[in-house]
Amino acid sequence: MDTDKKFQQIIEQLNYIRDILAGKNNENLRLLSSRLEDMQSRLPSMNQEERLAAAESLDDLFSFVEKKLEAELTPMDKVRIVRHPQRICLRDILENVYDNYTEIGSMNEHSIDPAILIARAYITRRQGKKTLRQSVMVIGQEKGHGEEIRNGGSVKPWGNAKALHYMKVAETENIPIHIYVFTPGSYPIEDTPGAAQQIAKNIYEMGSLRVPVLAIFSEGGSGGAEAVGLADKRLMLSHGYYSVISPEGAAAIEANLKESKRRAPAELIEDCARNLCITAEDNLRLGYIDEIIQEPVLGARCHNFEFFRQLRQDVLRATDEIVLSVRGIEPIRSMSLRARRKKTSEGGLNLETVCMRWNLSAAAQERLLDLRHRKFRALSQKAHDDTRGRLQLFKDHLSSFWWEFSSYFKYDLFRRSQQNFSNFLRELHSETTFFVKKQTVPLRRFLRPLLPLFRVRRKRHLEEAKLTALSTWEEPQEQRGGNWAYVSPRATDDRAISCPNAATHGCLDMWAPDLFGEFAGVCANCGHHFPMEYKWYLYNLFDPESVTEFNTGIEAINPLKYPGFDLKLAKASAQTGQKSSCMTFEASINGIRLVVAMFLAPFRGGSVGAAEGEKFILAAERAGKKRYPFLAYVHGTAGIRIQEGTNGLIQMPRCTMAVRRYIDDGGLYLVVYDTNSYAGPVASFLGCSPYQFGIRSSNIGFAGYGVIRETTGEAPPPHYHNVFKAMARGHIQGIWDRRETRFNLYQAMLTMGGRNLYYQ
Amino acid sequence: MLDISALLDEIKASPYQESSILAPHSGVLSLSPDLAPGSRVQGPHGPWKEKPGTLLACLEREHNRKEIRAPENCEIVSCNLEASGTFVEAGTVLARARHKLSREEVLQILLKKALFLFLAPEKARYYFIPQVDLKVKNSPPKSVSVYNGMDLFIISRMKRESSLSYSGPDGVIYAVYFSFNSNMEAGSPLIGVCPPDMVRQIEEVSLRVQTEWQEPGEA
Amino acid sequence: MDLHEHKVLIANRGEIAIRILKACRKLGLEFVCVHTQEDHASGHVRLARGLGGSKSLYRISSYHDANELMAVADESGATAIHPGYGFFSEDYRFARRVIQREREMIFIGPSWRIIRELGDKINTKRLARSLDVPTVPGSDRPIYDEMEAEELARTLFNFQTDNQIRNPLVLIKASAGGGGMGIEEVHDPDLFRSVYRRVRNYAARQFKDEGVLIEQRIRDFNHLEVQILADRNCKTLVHFGTRNCSIQSTGLQKRLEVAPGFDPSSVSYNFDAAGVLEQIIRHSLNIAHKVRYDNAGTWEWIVTREGNPYLMEVNARIQVENGVSSAITRIRGQEGVDLLVEQIRTGLGDPLGYTQEDISFEGVSLEYRIIAEDPEQRFTPWVGRIERFHQPEEPWLTMHSHVPTDEPYDIPTEFDPNLALGIIWGRDLQEARGRGLSFLKKMILEGRTAQGEPMKTNLEFLKKKTGDILKF
């Protein structure tokens, strides 16, 4: 009987290998299956002992071949390992790594979202007689070995909201958070509050969680991973993947399969998986994870108890290290950290027997946040080109220092004393006028009856003139009557244009020169906004001649050497004259200076990569130092630039944290969406702003129609991403007419924002 | 009492409706080459009627090519082939099409006989007053009630607007017969109202149509 | 291109379409008419069918759709478009499109820049003031500052009190507004601030512009007009005298117009009426010269009881009441002047051919606007079928109407309710009045609604008002 079971296991193992190789014609696999078949055919004629021996030899052969296969695993094989129902899942980890746990808010399908699992757990450590129970908040996606209710770990917006809620609980309780990332991506629906909006909120809040956060990545699928994955330390399982998009998704885009139901060929998917650099080694090399946790051959499965033991050690060590890196006084802190690292690596330290508390003092919390921000700030520096010369860099550094320094004097020190001084003057003035009035009473009493004789005639004449003569009008608004500083080149076609709402609103066709000229691309009847060039905004939103661009030297590159992408970049650059899709500049509106990061739809769909992220962060920092309002004008963005892989994806937390710092320092961060804004950027540094506005007729959302249909199996209704829907969901705070954007921006700067704006 | 059976039989005797497809405005016409008498065309479809109907013709005016698509599933009876390639005036008949009445249409025909109809007192454009308009547009059908003397419509004619109150039995609006910006002749029905005591009868009509009228395409 | 080679698209309906059509015929020009499905029985359609050749009548989807007009113009080979009044007559975008499209045509009206310049009331007011033309006391640019607004209002109240105006009134209106929205009156200086803030906030929310205009509200005035005509490039500029359009319905719609604007020879005024007329003509010409006005247009004035004229606005188009000016005008002593003919001729590029010295005025002319409406019920339009329509024939009478006299006519509900214009000429005011009354008496207009109720007209109202003509 024992051998039957053994054979059964071997058959299952063979099936597993077959699954992972996904029908690829593999010599080793053929060898294994033929040997197994051979053995099985001879089995009835064997006695017990022979059977045992046969099983053993087969086992040996399997182990040998598996090792060989392990060395040859392609990135796509790893994707299949991670997605395999036998792959360890979060519940297995809770059972095997922690000593005790309670699930919070879920009981199989009875959960707000069965794809997310939250548990309070503890690990017991003993040092001598001392026993220490170390509580942690465990949060992660549960794939449930392929249970349908889990949606494969694809979390709905409210699931992510629940995750955030319990992160905040952990913060209150001052216990570390252990995040396990097991998600192919977020569930792409816009039901309140919307996937993008919730992920943005999560990242924004996680940037400043005041407790240690440790993340372990098994399956890190783009936005879904970032929704929980912002951590002080990020470990990754050796067979996991961490990617901006699924290889299938990338292949579909590559093959341009947008709306059709055809699937991309398998080879293309394999290529994409490789080109996207999604494996643990890739991500370690790029710096987006800190360490790799070695898994058993062909990936960790439930029965690999040795692996769980290892995982427990790694989790303990990583959490200890986060705590140690911020606790105590600086020289001692680093010394003890170094000593520990040495000891553990030599294998001399059993972490089970080291007692260490994981709660943090207020000062340590501050250091934790500072470290976390610096950690992310330093990422992806090699993934863009910086053509600013040494001299320019030096100048930039110098002026950056000067802004900080002068802002402090101008707005903090000087203004406060100036206010005191002017208060003093005002009081002095009122005192003296009172005194003077009192002294001159007799004189004025004598003069009063005579005064009108001199004055009235002259005054009458003057007043009448004021009512009937031409007055001087110093600033007639340039834009009165559709007199725009920039007019779309489409305004030269002699043709009529139909409004898409004509059937429902009875709009008449408009003449292109009227529509794209004077009407600024707005239907005169229903107010539908036709998309306009970004230059329209550049020249019509800001005071004339006030735009000065900076950091033009930071340029988008092809950091992963993604095949064919250099050419595409060069083409985008030639078409637009830009070196990245993000243009950063200073400008003014009615005299108020502000910093603007503008995402340009014509450059690679306004996609965001490392260069765009870096420019955005530098702009936010500049705005902070100069105490300017900061505007993100999204002329359009298709999402994160997939060809940059995790280099692009990591901009989600990076930029969000920069914005968070800026807002916490009392700035005003405004976001204006135009045309179409989707995916990563909306689900992070754009969507996190408390003041987001949409230009009419724009679309805002997480995923496009095709992706939604593919993932959820249902086509969303028309106008699903429309700006009015986004407003109803609570995503944006207002809808602006294009022609009134300048006025509305000015109004926003006057009425919104924090305490540290230079003009307030 | 309404004799539903008789009415249904009457409709069944001539179950087709023929209508003209007109040029919405002037321009140079090009009829779709697939269009011929006897060809079947499809109206807007999809879960939200978001997929456009079959292309019937293109009308080009001021360098703007506009597609004219089938408004509903129907069969082309005749088409104005001579006009293709020439300049046509607004309102020119492009084709005539017929379709078998759908269940909804049959129901509407019967309802028009069963409901209390409030008629347009004069030729004009009619609108609901804004509060009612919002209700009619945003609430589920058959949920807006009216009472005798209620301020209900705005009449617009000669560039002037005045209000018109509803007169008739209290009840619920079951059908609206006027559309935005279209001119209604005096005496044509504006709304169909179902008084509470008629609900049962109306439900019966609806049920009978559901069971007795076969949709085209059903066995 | 020779004048006679032109073909004019008449982008209008009703009586003005008929008048333009007839003017084209007088000039020997080809024409094209358009009509909508609903308007197929209108007189201009029948006339066009009767008089025009092929390609002279087209059915369009709407008179308001410029694309239809352009498409018909191209198809019919029209070389010029006459917009009439209303519709596209003062739409500078339409005028611009006519001349800037690939197949360009002539827009019979002032050039688009002039329409745009004079279409903006603030602009017109500032232009007037820059030429020392009197305008309504108050601001001539949007006011954004509260202090400035209050100061201005205070001055306006004082100004009115100083000029012995009882119950002074100040008007606050949103500068970006229009169509009567965002306008409020203030009668008490103490209330000014709160009303001002209300208007300003309304303007900010509604028009995204906080600017307001603050003006004296004038209640007691006569409405006068100066008729101007110039040829292209403003080579010659003349006026065709003045009109008085003070007799209006409650909705401030004109019902009875008279030329000339005042008649000091038979009516006494407590100001120098001849002087005022001379003054408003001079000012109007002054502005027309300044903007290089290049077609027919009307300068609208109000004249207060004290005899102060203020320029209100410029209507850069032909007006309904142009006929009364034609009736009293003599060119080189000849009668039979037709302003529409003059407008089309000069619009197509013909030089005017005479100067102001060649123009003289003779007699008094009235124009009655005969409308199916109920003057008792705030001039509510009457809709129904006209069964009998008979107009008297007199040498001193010109009728303009699109209503058929030989068959019943259903009044379309889409358009202005004018049914007919009766233009009367008399040697003096007394004769004109007498002829007017006799015309109204002989006029037959009968009809019924769908419900069988008899037709309502404003004939009685016009009879009553004939006695008040030109009296202040």
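**Packing, cores and interfaces in a predicted model**

In this predicted model, helix α4 (residues 75–83) of chain A packs against helix α10 (residues 266–275) of chain A at an angle of about 95°. The two axes are 7 Å apart. Angles of 65 to 115 degrees count as roughly perpendicular, so α4(A) is roughly perpendicular to α10(A). From α4(A), the residues P75(A), M76(A) and V79(A) take part in the contact. Their partners in α10(A) are I269(A), E270(A), A273(A) and R274(A). By class, this contact has 5 nonpolar and 2 charged residues, with no polar residues.

Chain A as a whole was examined next. It comprises 760 residues, of which 44% are buried. Its secondary structure consists of 27 helices and 22 strands. Along the principal axes, the C-alpha atoms of chain A fill a box of roughly 135 × 75 × 55 Å. Contacts between residues distant in sequence were also counted. Among contacts in chain A between residues at least 6 apart in sequence, 75% join residues at least 24 apart.

Nonpolar side chains tend to be buried together in soluble globular proteins. In this model, the largest nonpolar core has 320 residues. Within that core, I179(A), F630(A) and I81(C) touch the most other members. Helix α1 (residues 14–27) of chain C provides the largest share of the core, with 8 residues. A second, separate core has 27 residues. Among its members are A114(B), I191(B), C194(B) and V209(B).

The surroundings of F630(A) can be listed in full. Leaving aside residues up to four places away in sequence, F630(A) touches L594(A), V595(A), A619(A), A620(A) and A623(A). On the same count, it also touches Y662(A), G667(A), L668(A) and Y669(A).

Chain A meets chain C through 20 residues, which are in contact with 25 residues of chain C. On the chain A side, two elements give two or more residues: α16 (451–468) and α18 (512–518) of chain A. Of these, α16(A) gives the most, with 6 residues. The chain A side divides into 9 nonpolar, 3 polar and 8 charged residues.

Chain C also meets chain B. Here, 19 residues of chain B are in contact with 18 residues of chain C. By class, the chain B side has 6 nonpolar, 6 polar and 7 charged residues. Chain B itself is assigned two domains. Domain 1 spans 18–100, and domain 2 spans 104–212. The C-alpha centres of these domains of chain B lie 30 Å apart.

One position in chain C was followed individually. S42(C) lies in the loop between β2 (30–35) and α2 (43–51) of chain C. A residue counts as buried if 20 or more other C-beta atoms lie within 10 Å of its own. S42(C) has 24 such atoms within 10 Å and is therefore buried. Its contacts include both nearby and distant positions in the numbering: S42(C) touches R13(C), G14(C), H35(C) and H402(C), not counting residues up to four places away in sequence. The C-alpha atoms of S42(C) and I214(C) are separated by 44 Å. Along the chain, S42(C) and I214(C) are 172 residues apart.

How values were computed. Residues are numbered from 1 along each chain as its sequence is written. Chains are lettered from A and ligands numbered from 1 in the order in which they are written. This is a predicted model: local features need pLDDT of at least 70, side-chain atom pairs count only at pLDDT 80 or more; totals for chains, interfaces and linings use all residues. Two residues are in contact if their C-beta atoms, placed from the backbone, lie within 7 Å. Ala, Val, Leu, Ile, Met, Phe, Trp, Tyr, Cys and Pro count as nonpolar, Asp, Glu, Lys and Arg as charged, and the others, Gly among them, as polar. A nonpolar core is a set of buried Ala, Val, Leu, Ile, Met, Phe, Trp, Tyr and Cys residues joined through C-beta atoms within 7 Å. A residue is buried if 20 or more other C-beta atoms lie within 10 Å of its own, exposed if 12 or fewer, and partly exposed in between; C-beta atoms are placed from the backbone. Helices (H or I, at least four residues) and strands (E, at least two) are DSSP runs, numbered from the N terminus. Axes are lines fitted to C-alpha atoms, for helices over the stretch in contact, and angles run from 0 to 180 degrees between N-to-C directions. Angles under 35 degrees count as roughly parallel, over 145 as roughly antiparallel, 65 to 115 as roughly perpendicular and the rest as oblique. Domain bounds come from an automatic or database domain assignment.
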